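User: Please take a close look at one part of this chain and explain, step by step, what surrounds it and how the rest is arranged. I am new to reading structures, so each term should come with its cut-offs.

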Amino acid sequence: MTTRGIAVFAGDVSLDTTVVVDHVPEPDEKVHASALVEDVGGVVANAAIACRLAGARVALLAAFGDDLAGELCQSRLQTRGIEPYAVK
(Lines give C-alpha, C1' and ligand atoms only; values in the text may rest on other atoms or scores of the structure.)
Protein backbone atom coordinates (compact mmCIF):
# COMPACT_ATOMS: atom_id res chain seq x y z
CA MET A 1 0.00 0.00 0.00
CA THR A 2 1.28 3.45 -0.90
CA THR A 3 0.80 6.29 1.55
CA ARG A 4 1.25 9.87 0.54
CA GLY A 5 2.39 12.42 3.04
CA ILE A 6 1.90 16.13 3.11
CA ALA A 7 4.54 18.82 2.65
CA VAL A 8 4.23 21.36 5.46
CA PHE A 9 5.75 24.80 5.03
CA ALA A 10 6.10 27.45 7.74
CA GLY A 11 7.15 31.02 7.17
CA ASP A 12 6.45 34.28 5.44
CA VAL A 13 3.52 35.16 3.24
CA SER A 14 3.13 38.55 1.63
CA LEU A 15 0.88 40.31 -0.81
CA ASP A 16 2.83 41.18 -3.95
CA THR A 17 1.66 44.20 -5.92
CA THR A 18 2.70 44.57 -9.57
CA VAL A 19 2.09 47.76 -11.53
CA VAL A 20 1.92 47.25 -15.31
CA VAL A 21 3.24 50.07 -17.50
CA ASP A 22 3.80 50.36 -21.26
CA HIS A 23 7.53 50.94 -20.93
CA VAL A 24 10.24 51.40 -18.32
CA PRO A 25 10.25 55.10 -17.48
CA GLU A 26 13.34 57.23 -17.89
CA PRO A 27 14.62 59.07 -14.79
CA ASP A 28 12.02 61.67 -13.67
CA GLU A 29 9.54 60.52 -16.36
CA LYS A 30 5.98 59.92 -15.24
CA VAL A 31 4.01 57.04 -16.74
CA HIS A 32 0.47 55.81 -16.26
CA ALA A 33 -0.21 52.28 -15.15
CA SER A 34 -2.43 50.15 -17.36
CA ALA A 35 -3.09 47.58 -14.63
CA LEU A 36 -2.48 46.75 -10.99
CA VAL A 37 -2.10 43.07 -10.09
CA GLU A 38 -2.07 41.72 -6.53
CA ASP A 39 -1.28 38.12 -5.65
CA VAL A 40 0.12 36.03 -2.84
CA GLY A 41 3.92 35.93 -2.56
CA GLY A 42 6.82 35.53 -0.18
CA VAL A 43 9.63 32.99 -0.26
CA VAL A 44 7.84 30.25 1.66
CA ALA A 45 4.48 30.80 -0.05
CA ASN A 46 6.14 30.65 -3.46
CA ALA A 47 7.93 27.41 -2.52
CA ALA A 48 4.64 25.92 -1.28
CA ILE A 49 2.91 26.89 -4.52
CA ALA A 50 5.71 25.32 -6.59
CA CYS A 51 5.50 22.12 -4.55
CA ARG A 52 1.72 22.00 -5.04
CA LEU A 53 2.12 22.55 -8.79
CA ALA A 54 4.46 19.53 -8.79
CA GLY A 55 1.59 17.45 -7.41
CA ALA A 56 2.26 17.31 -3.67
CA ARG A 57 -0.30 17.79 -0.92
CA VAL A 58 0.69 21.04 0.81
CA ALA A 59 -0.14 22.89 4.01
CA LEU A 60 1.29 26.25 5.01
CA LEU A 61 1.65 27.69 8.52
CA ALA A 62 1.93 31.47 8.61
CA ALA A 63 0.81 34.61 10.37
CA PHE A 64 -1.87 36.34 8.32
CA GLY A 65 -3.08 39.87 8.93
CA ASP A 66 -6.63 40.51 10.07
CA ASP A 67 -7.25 42.66 7.00
CA LEU A 68 -8.10 42.39 3.33
CA ALA A 69 -4.51 41.52 2.41
CA GLY A 70 -4.48 38.60 4.85
CA GLU A 71 -7.85 37.38 3.59
CA LEU A 72 -6.71 37.67 -0.04
CA CYS A 73 -3.52 35.71 0.62
CA GLN A 74 -5.40 32.90 2.37
CA SER A 75 -8.01 32.79 -0.39
CA ARG A 76 -5.41 32.67 -3.17
CA LEU A 77 -3.56 29.84 -1.41
CA GLN A 78 -6.78 27.84 -1.03
CA THR A 79 -7.59 28.42 -4.70
CA ARG A 80 -4.24 26.80 -5.54
CA GLY A 81 -5.02 23.76 -3.39
CA ILE A 82 -2.91 24.80 -0.39
CA GLU A 83 -4.45 24.72 3.06
CA PRO A 84 -3.31 27.82 4.97
CA TYR A 85 -3.17 27.55 8.76
CA ALA A 86 -3.06 30.90 10.54
CA VAL A 87 -0.79 31.20 13.54
CA LYS A 88 -0.42 34.21 15.78
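Analyst:
**A first strand and its surroundings**

Ala 7 is placed in strand S1, which covers residues 7–10; helices (H or I, at least four residues) and strands (E, at least two) are DSSP runs, numbered from the N terminus. The model is a predicted one, in which local features need pLDDT of at least 70 and side-chain atom pairs count only at pLDDT 80 or more, while totals for chains, interfaces and linings use all residues. Residues are numbered from 1 along each chain as its sequence is written, and side-chain values use heavy atoms, with hydrogens and water left out.

With a relative accessible area of 22%, Ala 7 is partly exposed, a class that lies between buried (under 20% relative accessible area) and exposed (over 50%), using a 1.4 Å probe and protein chains only. Although Ala 7 and Val 58 are 51 residues apart along the chain, their C-alpha atoms are separated by 4.8 Å. If neighbours within four places in sequence are left aside, Ala 7 is in contact with Cys 51, Arg 57, Val 58 and Ala 59, where contact means heavy atoms within 4.5 Å.

Cys 51, one of these partners, leads to the matter of disulfides. A disulfide is a covalent bond between the sulfur atoms of two cysteines, and here it is recognised as a pair of cysteine sulfur atoms within 2.5 Å. By this rule the count comes to zero disulfides. Cys 51 is in none, since the nearest cysteine sulfur, that of Cys 73, is 19 Å away; likewise, Cys 73 is in no disulfide, with the sulfur of Cys 51 as its nearest, 19 Å away. Cys 51 is partly exposed, at a relative accessible area of 23%, whereas Cys 73 is buried, at 4%.

Arg 57, another contact partner of Ala 7, also helps in following the chain onward. The C-alpha atoms of Arg 57 and Asp 67, ten residues apart along the chain, are separated by 27 Å. Asp 67 has its place in the loop between S4 and helix H2 (68–79), and at 39% relative accessibility it counts as partly exposed.

Strand S4 itself takes in residues 58–62 and includes Leu 61, which is partly exposed, with a relative accessible area of 32%. Together with Ile 6, Val 8, Tyr 85 and Val 87, Leu 61 forms a nonpolar patch on the surface, and the group has about 420 Å² of accessible area. Such patches are made of residues with over 30% relative accessible area and no salt bridge, with like charges joined within 9 Å and nonpolar side chains (Val, Leu, Ile, Met, Phe, Trp, Tyr) within 5 Å.

Salt bridges are found elsewhere in the chain. The structure holds two of them, each being a side-chain nitrogen of Lys or Arg within 4 Å of a carboxyl oxygen of Asp or Glu. In one, the side chains of Arg 76 and Asp 39 meet at 3.2 Å, N to O; Arg 76 lies in helix H2 and Asp 39 in strand S3, so this pair ties together parts that are 37 residues apart in sequence. Asp 39 also forms a salt bridge with Arg 80, whose closest N and O atoms are 2.7 Å apart. Because Asp 39 lies in strand S3 and Arg 80 in the loop between H2 and strand S5 (82–86), that pair ties together parts 41 residues apart in sequence. Asp 39, Arg 76 and Arg 80 are thus linked in a network of salt bridges. Asp 39 is partly exposed, with a relative accessible area of 23%, as is Arg 76 at 29%, and Arg 80 is partly exposed as well, at 32%.

To place these details in the whole, it helps to follow the order of elements. The chain has two helices and five strands, which run β-β-β-α-β-α-β from the N terminus on. The radius of gyration is 17 Å, well over the 12 Å that the globule rule gives for 88 residues, so the chain is more spread out than a compact globule; this radius is taken over C-alpha atoms, and the rule is 2.2 Å times the number of residues to the power 0.38. Along its principal axes, the C-alpha trace spans about 60 × 30 × 20 Å. Buried residues make up 20% of the 88 residues in the chain. Among contacts between residues at least 6 apart in sequence, 59% join residues at least 24 apart.

Note on methods: Areas by Shrake-Rupley, 256 points an atom, 1.4 Å probe, with all protein chains shown as cover.
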